[in-house]
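Me: I'm new to reading protein models, and I'd like a close look at one part instead of a tour of everything. Could you pick one aromatic pair, walk me through it, and then show me what surrounds it?

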Amino acid sequence: ETTISRGELRLEIEDFLYYEAALLDGTYRAPERTPLLSDMSAQYLAHLKVEDRSASTLKRYEPELDRIVQFAAAHGAKRVSDFTVKLFDAYRAERVAQGAEPATVYHESTLIKQLFNFAVRRDVPADRRHSNFRGCVQRIASEHTRDARRTALRDWAGRKHRATQEFGQAG
């Protein structure tokens, strides 16, 4: 037995009514689909090559983007519009659980933000169901920045505390 949440049911009903009305009044056009995340990743790497980024940058970005795309696909997000803030958080949590250094998680978060900003600059279409795509990019960017600030402050406070303890013990 399959269960569906009230929110999902509401979206299904809204979609049905939207498409039924468009079919009845003759204004229906098949929605333009967002590209596959793997295709957007390849386009982004090609863009970086054209921008003459260093070979070391490209060498580092390619496996990182592959890891992100594979993670997204494993969680059912094959298209650009399927990548949500919730999935972004899950990716970061998994990387931390895998033992990735905070600087690595920060770097990969920045790479995700850059990939989605690239997609927005290319006017990647957002179908009706994913009309919040551009908003999602903004939330990812702002949450990433807020988390980075929080982490930097926590690190600074920890260093200050350790320095105070060492100074206090020496004196």
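Reply: Here is a walk through one aromatic pair, the helices that hold it, and the core.

First, keep in mind that this is a predicted model. The protein chain has six helices and zero strands, so let's just say the order from the N terminus reads α-α-α-α-α-α. Of its 171 residues, 29% are buried.

Now for the close-up. The structure holds three aromatic pairs, and one of them is made by phenylalanine 71 and tyrosine 91. Their ring centres are 5.2 Å apart and the ring planes meet at 75°, so this pair counts as edge-to-face. The cut-off behind that word is an angle over 60 degrees between the planes. Where do the two residues sit? Phenylalanine 71 belongs to helix α3, residues 55–74, and tyrosine 91 to helix α4, residues 85–97, so the pair ties together parts that are 20 residues apart in sequence. Measured out in space the other way, from C-alpha to C-alpha, the two are 7.2 Å apart. Both members of the pair, phenylalanine 71 and tyrosine 91, are buried.

Let's stay with phenylalanine 71 for a moment. Its relative accessible area is 6%, and buried means under 20%, so phenylalanine 71 qualifies. Leaving out residues up to four places away in sequence, phenylalanine 71 touches Leu87, Ala90, Tyr91 and Glu94.

Next, follow tyrosine 91 into its own helix. α4 has 13 residues, which at 1.5 Å a residue should span 18 Å, and the C-alpha atoms at its ends are indeed 18 Å apart. Tyr91 has company among the buried residues of α4: Val85, Leu87, Phe88, Arg92 and Arg95 are buried too. Look down the axis of α4 and these buried residues fall within an arc of 165°, so they line one face of the helix. Over on the other side of α4, Lys86 and Ala97 are exposed. Just after α4, glycine 99 takes a positive phi of about 95°.

Now zoom out to the core. The largest nonpolar core has 25 residues, and those touching the most other members are Leu37, Met40, Tyr44, Phe83, Ile112, Leu115 and Phe116. Helices α2, α3, α4 and α5 each supply at least two residues of this core. The largest share, seven residues, comes from α3. As a general rule, nonpolar side chains in soluble globular proteins tend to be buried together.

α2, residues 37–50, is worth a look as well. Its buried residues are Leu37, Met40, Ser41, Tyr44, Leu45 and Leu48. They cover an arc of only 140° around the axis, which puts them on the same side of α2. That buried set packs against α3 and α5. Turned away from the buried side of α2 you'll find the exposed residues Lys49 and Val50. For one residue up close, take methionine 40: beyond its neighbours within four places in sequence, methionine 40 is in contact with Pro35, Val80, Leu115, Phe118, Ala119 and Val124. And just after α2, aspartate 52 takes a positive phi of about 60°.

Note on methods: Residues are numbered from 1 along each chain as its sequence is written. This is a predicted model: local features need pLDDT of at least 70, side-chain atom pairs count only at pLDDT 80 or more; totals for chains, interfaces and linings use all residues. Side-chain values use heavy atoms; hydrogens and water are left out. Helices (H or I, at least four residues) and strands (E, at least two) are DSSP runs, numbered from the N terminus. Buried means under 20% relative accessible area, exposed over 50%, partly exposed in between (1.4 Å probe, protein chains only). Rings of Phe, Tyr and Trp (its six-membered ring) pair if their centres lie within 6.5 Å; planes under 30 degrees apart count as stacked, over 60 as edge-to-face and the rest as tilted. A nonpolar core is a set of buried Ala, Val, Leu, Ile, Met, Phe, Trp, Tyr and Cys residues joined through side-chain atoms within 4.5 Å. Contact means heavy atoms within 4.5 Å. The arc is that of the directions from the helix axis to the C-beta atoms. The expected span of a helix is 1.5 Å times one less than its number of residues.
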